[in-house]
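Work through the exercises below with the sequence and the model open. Each task is followed by its solution.

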Amino acid sequence: MPSWIAVDHPDFRTRLRQLELPLNCLDGFWSTESELTAEVSAVLEYRDGCVQLRPLDKALGNPVTVDFIHGKTGFRFLRASHEMVVKAVAGRSKEPLTVFDATAGLGRDSFILAAAGYPVTAVERHPAIACLLWDGLDRAHLSLEGASVAGRITLNWGSSQTILAQLAEPEQPDVVYMDPMFPERTKQALVKKEMRLFREVVGEDPDGELLLEVALGVARKRVVIKRPRKAEPVAGRKPGYQLLGKSSRFDVYPT
Ligand SMILES: C[S@@+](CC[C@H](N)C(=O)[O-])C[C@H]1O[C@@H](n2cnc3c(N)ncnc32)[C@H](O)[C@@H]1O
């Protein structure tokens, strides 16, 4: 049994069809709340017009939904050009760039990059996270503030290694951006409430090294990796240069 289930309800299935997410995305995860076992720590459901991931254990924090317009992301997308992720992706390029976000997650970085004007292809492989992301982006499409930004993002469900490796040459992106989950090393990091549920459900991304290898062979200009400020570079591979933030940094690999 996985650590989460999708609550089987006709409204949720209808919403998934509206979102045009591959219908087999949640195969093997559907269940009813009455069938829950002790191993299940969160449920994915459609409630109050949003897809949400709701923890069953209070220690895992609050339900997670994707909302690009209100709250933290909303504020950040209004001043996207100041964001470090935008500076790292832009490098010294003045010309327009295409970006492939290989680890889309809840889509915050994709949305900020799109708000800075880049066309972004965003790929997420985890089915529950993909549902949250598709739902949030769909609502952004319907909002006055977010529609034009959302229009620059194309979502894909699957493994970025596979999708990147299959791109025909004219489709290869200028920049591949990666923000893989890293192992928790400190207790302090564990306390970050908003990340607890996400981490519980997604786990770690042990194949970042492989993804970097594929990305370096495909990106026309650079690969950018977000890392915790003090972490080793992925695969111990020295980047061309780094941009340092308070708790994280961006390793840039020119190609
Ligand atoms: C730390 S989160 C990314 C957060 C994201 N940058 C944001 O702004 O919300 C990492 C995500 O990348 C996804 N991921 C990791 N490796 C992947 C791969 N090879 N292909 C597709 N998705 C991947 C994980 O499932 C996880 O949801």
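A residue is called buried if 20 or more other C-beta atoms lie within 10 Å of its own, exposed if 12 or fewer do, and partly exposed in between, with C-beta atoms placed from the backbone. Helices (H or I, at least four residues) and strands (E, at least two) are DSSP runs, numbered from the N terminus. The model is predicted: local features need pLDDT of at least 70, side-chain atom pairs count only at pLDDT 80 or more, and totals for chains, interfaces and linings use all residues. Residues are numbered from 1 along each chain as its sequence is written.

**Exercise 1.** Determine which residues of helix 4 are buried.

Solution. Start with the charged pair Arg-108 and Asp-109, which are buried. Continue along the helix: Ser-110, Phe-111, Ile-112, Leu-113, Ala-114 and Ala-115 are buried too. Eight of the eight residues are thus buried, so helix 4 is largely enclosed by the rest of the structure. Just after helix 4, Gly-117 has a positive phi of about 110°.

**Exercise 2.** Place Arg-152 and list its contacts.

Solution. Arg-152 lies in the loop between helix 6 (147–150) and strand 7 (153–157). It counts as partly exposed because it has 17 C-beta neighbours inside 10 Å. Two residues are in contact if their C-beta atoms, placed from the backbone, lie within 7 Å. Leaving aside neighbours within four places in sequence, Arg-152 contacts Ala-114, Tyr-118, Pro-119 and Val-120. Pro-119 is 33 residues from Arg-152 in sequence, yet their C-alpha atoms are 4.8 Å apart.
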